[in-house]
Amino acid sequence: MSPADAVRLLNDPAAHVRGTVMRNLRLPARVLAGLLHDRDTACAAVTNPAIPVPVLHRILAEAAAAVAARR
């Protein structure tokens with residue numbers, strides 16, 4: 001699948017299609033970054049294997065800090 005096709009499928013009416021596309025390695029980084037910053041899509045987008053490990057560590061640290069702040 002081309003990156004352009006992946007981006008187009010993010011608007012598919014079926015949730016399972018959108019979720020699968022969010023985990024696609026061909027999804028452009030700028031689009032993936034936008035999905036990670038959106039509360040509605042972040043949970044699915046964070047499972048994309050193209051996210052660099054340092055970025056995942058930062059996401060996890062921010063999530064842990066947010067949980068700790070609520071306590």
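1. Let us start with T41, which touches M22 and L35 once residues up to four places away in sequence are set aside; contact here means heavy atoms within 4.5 Å. T41 sits in the loop between helix 3 and helix 4. Helices are DSSP runs of H or I with at least four residues, numbered from the N terminus. With a relative accessible area of 15%, T41 is buried, because buried means under 20% relative accessible area, while exposed means over 50% and partly exposed lies in between (1.4 Å probe, protein chains only).

2. A word on the model before going further. It is predicted, so local features need pLDDT of at least 70 and side-chain atom pairs count only at pLDDT 80 or more, whereas totals for chains, interfaces and linings use all residues. Residues are numbered from 1 along each chain as its sequence is written, and side-chain values use heavy atoms, with hydrogens and water left out.

3. Now to the interior. The largest nonpolar core has 11 residues, including A6, L10, V21, M22 and I51. At least two residues of this core come from each of helix 2 (15–22), helix 3 (29–36) and helix 4 (42–45). Helix 3 gives the most, with three residues. A nonpolar core is a set of buried Ala, Val, Leu, Ile, Met, Phe, Trp, Tyr and Cys residues joined through side-chain atoms within 4.5 Å.

4. A45, one of the core residues, is a good place to look around. Leaving aside neighbours within four places in sequence, A45 is in contact with M22, L32, L35, L36 and I51.

5. N24 is worth a visit too, in the loop between helix 2 and helix 3. N24 counts as buried, at 17% relative accessibility. A polar atom of the N24 side chain lies 2.6 Å from the backbone nitrogen of R26. Not counting residues up to four places away in sequence, N24 touches M1 and N48.

6. How many salt bridges does a search of the whole structure find? The search finds two, a salt bridge being a side-chain nitrogen of Lys or Arg within 4 Å of a carboxyl oxygen of Asp or Glu. Side chains of opposite charge can pair when their charged atoms come close. One bridge joins the side chains of R8 and D5, at 2.2 Å from N to O. R8 and D5 are three residues apart in helix 1 (residues 3–9), so about one helical turn separates them. R8 counts as exposed at 54% relative accessibility, while D5 is partly exposed at 31%.

7. The other bridge links R58 with E62, whose closest N and O atoms are 4.0 Å apart. These residues are four apart in helix 5 (residues 53–70), so they too are separated by about one helical turn.

8. E62 also appears at the largest pocket, where L36, A42, V46, I59 and E62 lie nearest the centre among 23 lining residues. Helix 3, helix 4 and helix 5 are the elements that give two or more residues to this lining. The largest share, 10 residues, comes from helix 5. A pocket is an open set of points on a 1 Å grid over the protein atoms alone where a 1.4 Å probe fits, with protein on both sides within 12 Å along at least five of seven lines; lining residues have an atom within 4 Å of a point.

9. Finally, A50 is found in the loop between helix 4 and helix 5. A50 is partly exposed, with a relative accessible area of 38%.

How values were computed: Polar contact = N/O pair within 3.5 Å; in protein donor to acceptor, adjacent residues only side chain to side chain.
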